[in-house]
Amino acid sequence: MTDDRTAHWDDRYAGAEPGRLSWFEAVPERSLTLIRAAVTPRAAVIDVGGGASRLPDALLAAGFRDLTVLDLSAEALARSEARLGPLGEHVDWQVGDVTRWRPARRYDLWHDRALFHFLTENAHRAAYLDRLACAVKPGGTAIIMTFAEDGPETCSGLPVRRYSPEALAQEFSALAPGAFRSEEVGRFTHVTPAGAEQRFQYSCFSRI
Ligand SMILES: C[S@@+](CC[C@H](N)C(=O)[O-])C[C@H]1O[C@@H](n2cnc3c(N)ncnc32)[C@H](O)[C@@H]1O
């Protein structure tokens, strides 16, 4: 999967201003609120599938200094690095496929907005859960945002798997039995830069 997918995402980021991409949000308010409710700015935070998101900007402004962003697309990460300038030195930018990635350390908080729903194959979801379980410290938090069951069937021209919070919790228990406890869930609507509404769910899990 990786080579084709990498080319797909690099093309998407190279072909448009980040602010025109359907998943763009100028200020990631919901993510920031959930992260700040779970950890202090001293926490080690990883954003998987972070792309060119403004989340590192918001976390740096909130005083976080131990940040990692992992994404398939070097193009996306280069855009964030250029935007952040010297502040970007506080971020560990990692180009890679989360389903093959080997975490070199552990994190207090894992954040994923709109990556997991692209994993339509069982083996890829199992690999993701394996990395997630290894990378998050016991007592740490995973925040997973996906299209909800009434959300779009595709994103960026790719098929997605949609979840209710209950279905996501079941998937986590099936793939990583006993590893995560669902703590807080909710739903929200993302409005794309073109004005379309996309229904999402978010789920916060704690690592047992
Ligand atoms: C819809 S975008 C969301 C980007 C970002 N989370 C945000 O909210 O702006 C999905 C991102 O996931 C990345 N991605 C997709 N599959 C991935 C994988 N297997 N490993 C790492 N990143 C992946 C893409 O390159 C893309 O940046």
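# Strands, helices and cores of a predicted model

User: Which residue in E3 stands opposite leucine 70?

Analyst: In this structure, which is a predicted model, leucine 70 has a partner in strand E3. E2 and E3 pair in the parallel sense, and five bridges join them. The residue of E3 that stands opposite leucine 70 is glutamine 94.

User: In what order do the seven strands of the open sheet lie, and which are its edge strands?

Analyst: The seven strands form an open sheet with mixed pairing, in the order E3-E2-E1-E4-E5-E9-E8. An edge strand of this sheet pairs on one side only, and this holds for E3 and strand E8 (180–191). With direction ignored, neighbouring strands are turned against each other by 15° on average. The order is therefore E3-E2-E1-E4-E5-E9-E8, and the edge strands are E3 and E8.

User: How many residues of strand E4 are buried?

Analyst: A residue counts as buried when its relative accessible area is under 20%. Strand E4 covers residues 107–113, and the rest of the structure largely encloses it, because its buried residues number seven of the seven.

User: Through which helix does the chain cross from E4 to E5?

Analyst: E4 and strand E5 (residues 136–147) pair in the parallel sense over six bridges. At one of these positions, tyrosine 107 has valine 136 of E5 as its bridge partner. The β-α-β crossover that leads from E4 to E5 is right-handed, and its helix, residues 122–135, is H5.

User: Which residue of E4 stands opposite aspartate 47?

Analyst: Strand E1 (residues 44–48) pairs with E4 in the parallel sense over three bridges. Opposite aspartate 47 in E4 stands histidine 111.

User: At about what angle does H5 run to E5, and at about what angle does H4 run to E3?

Analyst: H5 lies across E1, E4, E5, E8 and E9. H4 lies across E2 and E3. The direction of H5 relative to E5 is about 140°, and that of H4 relative to E3 is about 160°.

User: Which element gives the largest share of the largest nonpolar core?

Analyst: The largest nonpolar core has 38 residues, and Ile35, Leu59 and Phe64 are those with the most contacts inside it. Several elements each supply at least two of its residues, including helix H1 (2–15), helix H2 (29–38), helix H3 (55–61) and strand E2 (66–71). The largest share amounts to four residues and comes from H3.

User: Which residues does leucine 59 touch, not counting residues up to four places away in sequence, and how many residues does the second, separate core have?

Analyst: Beyond four places in sequence, leucine 59 touches Leu32, Ile35, Val45, Phe64 and Leu67. The second, separate core includes Ala44, Ile46, Leu115 and Val136, and its residue count is 26.

User: Why do the buried residues of H2 lie on the same side of the helix?

Analyst: The buried residues of H2 are Ser31, Leu32, Leu34 and Ile35. They are on the same side of H2 because they cover only a limited arc around the axis, one of 170°. The face turned away from this buried side carries exposed Glu29, Thr33, Arg36 and Ala37. The reason asked for is thus the arc of only 170°.

User: Within what arc do the buried residues of helix H6 fall?

Analyst: Helix H6 (residues 165–175) has Pro165, Leu168, Glu171 and Phe172 as its buried residues. They line one face of the helix, because the arc that holds them, seen down the axis of H6, is 120°.

User: Against which elements do the buried residues of H6 pack?

Analyst: On the other side of H6, Gln170 and Ala174 are exposed. The buried residues of H6 pack against H5, E5, E8 and E9.

User: Is phenylalanine 180 buried or exposed?

Analyst: Phenylalanine 180 belongs to strand E8. Not counting residues up to four places away in sequence, its contacts include Leu129, Leu132, Ala133 and Phe172. Its relative accessible area is 12%, so phenylalanine 180 is buried.

User: What is the relative accessibility of serine 73?

Analyst: Serine 73 lies in the loop between E2 and H4. Not counting residues up to four places away in sequence, serine 73 touches Trp9, Asp10 and Tyr13. Serine 73 counts as buried because its relative accessibility is 0%.

How values were computed. Residues are numbered from 1 along each chain as its sequence is written. This is a predicted model: local features need pLDDT of at least 70, side-chain atom pairs count only at pLDDT 80 or more; totals for chains, interfaces and linings use all residues. Side-chain values use heavy atoms; hydrogens and water are left out. Buried means under 20% relative accessible area, exposed over 50%, partly exposed in between (1.4 Å probe, protein chains only). Two strands pair if DSSP finds at least two bridges between them. A crossover is right-handed if, with the strands pointing away from the viewer, the path from the first strand over the helix to the second runs clockwise. A nonpolar core is a set of buried Ala, Val, Leu, Ile, Met, Phe, Trp, Tyr and Cys residues joined through side-chain atoms within 4.5 Å. Contact means heavy atoms within 4.5 Å. Axes are lines fitted to C-alpha atoms, for helices over the stretch in contact, and angles run from 0 to 180 degrees between N-to-C directions. The arc is that of the directions from the helix axis to the C-beta atoms.
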